[in-house]
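Morning, everyone. Please pull up the chain on your screens while I talk.

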Amino acid sequence: MIINGASLLMARPIKDMIGEKVKVHGRSYGLSEVGYDFRMKQRVRFFPPNAFTALVMTKSVKRASDFTLEAREAYEKAVHGYTVVTEDDGTETIKIGRTALASSVEEFHIPNNLWCEFRNKSTNARHHIDAALGTDGEPGWNGFLTIEIIFNGMVDVDLPAGVPILKAVFHEITEKAEYQGKYQDQPDRPVSAIHE
């Protein structure tokens with residue numbers, strides 16, 4: 001059974017929940033009809049591949065050894081696209097490819113009788129952004145969610161810091177459980193994969 005509305009606010013699976021929708025950056029966050037829409041802390045910009053630039057660069061170089069380090073990086077960006085993640089202190093991370101790690105503004109404290117499913121917000125999905133792949137909120141999990149974002153579009157996309165990114169849908173489970181895994185009490189920043 002999905003827990004929503006006043007029942008979800010009383011369960012308080014997210015710290016400082018608000019009982020209404022608030023609009024920011026053309027999207028809403030807060031209590032929704034069947035869950036809670038939450039925000040992303042970092043600014044994330046996606047730049048898709050540019051086949052024309054890659055072709056021009058390929059034709060202008062006769063040997064691979066002629067590529068400087070800067071030219072090689074520019075070529076990889078043109079072929080694979082690239083992502084820029086900006087932290088709130090202004091630090092930027094540039095990565096080849098069309099994926100990014102970000103973190104939630106909101107802090108989760110999921111009760112041990114609920115399981116959380118994360119769903120893409122429609123506006124983001126219409127920009128070819130998938131932020132719901134492979135993550136769920138286990139019963140008893142606490143912390144800031146690391147959000148794995150994949151971009152499949154062909155037009156630059158800029159997701160500002162604080163943009164609503166996902167909907168958290170909470171389901172009641174038949175037996176209480178308690179998450180004891182490696183991502184418990186996840187800090188207020190994106191956390192890379194931890195291999196055990």
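I'll go through two sheets and a pair of helices. Keep in mind that this is a predicted model.

Start with the four-stranded sheet. It is open, and the strand order is β7-β6-β5-β13. The pairing is antiparallel. Which strands stand at the edges? They are β7 and β13, and β13 covers 157-159. Each has a single partner strand, so one side of each has no neighbour in the sheet. From one strand to the next, the twist averages 10°.

Now the pairs inside that sheet. Strand β5, residues 43-47, runs antiparallel to β6, and five bridges join them. Look at Phe-46: its bridge partner in β6 is Thr-83. On to the next pair. Strand β6 is residues 82-86, strand β7 is residues 92-96, and five bridges link these antiparallel strands. Here Thr-83 turns up again, standing opposite Lys-95 in β7. So what do β6 and β7 form together? A hairpin, with five residues between the strands. One residue to click on in that turn is Gly-90, which has a positive phi of about 95°.

As a reminder, strands of a sheet pair through backbone hydrogen bonds.

Next, the helices. Helix α3 is residues 69-80, twelve residues in total. How far apart are its end C-alpha atoms? They are 16 Å apart. At 1.5 Å a residue the helix should span 16 Å, so the two values agree. Right after α3 comes Gly-81, and its phi is positive too, near 80°. Helix α3 also packs on the four-stranded sheet, where it touches β6 and β7. Its direction makes about 70° with that of β7.

The partner helix is α2, residues 51-60. The axes of α2 and α3 come within 7 Å and cross at roughly 140°. Parallel, antiparallel, perpendicular or oblique? Over 145 degrees would count as roughly antiparallel. The angle here is roughly 140°, and the two helices are therefore oblique to each other. The crossing of α2 past α3 is left-handed.

Who touches whom? From α2 we have Ala-51, Thr-53, Ala-54, Met-57 and Thr-58. They meet Ala-71, Ala-74, Tyr-75, Ala-78 and Val-79 in α3. By class, that contact holds eight nonpolar residues, two polar ones and no charged ones.

Last, the other sheet. Three strands form it, in the order β8-β12-β10, and it is open with antiparallel pairing. The edge strands are β8, 99-109, and β10, 129-130, each pairing on one side only. Strand β12 is residues 142-151, and eight antiparallel bridges join it to β8. For a landmark, find His-109, which stands opposite Asn-142 in β12.

That's the tour. Over to you for questions.

Definitions and conventions. Residues numbered from 1 in each chain as written. Predicted model: local features only at pLDDT ≥ 70, side-chain atom pairs only at ≥ 80, totals over all residues. Heavy atoms only, no water. Pairing = 2+ DSSP bridges. Expected span 1.5 Å × (residues − 1). Axes fitted to C-alpha atoms, helices over the stretch in contact; angles between N-to-C directions. Parallel < 35°, antiparallel > 145°, perpendicular 65-115°, else oblique. Left-handed = near helix turned anticlockwise from the far one by under 90°. Contact = heavy atoms within 4.5 Å. Nonpolar A, V, L, I, M, F, W, Y, C, P; charged D, E, K, R; others polar.
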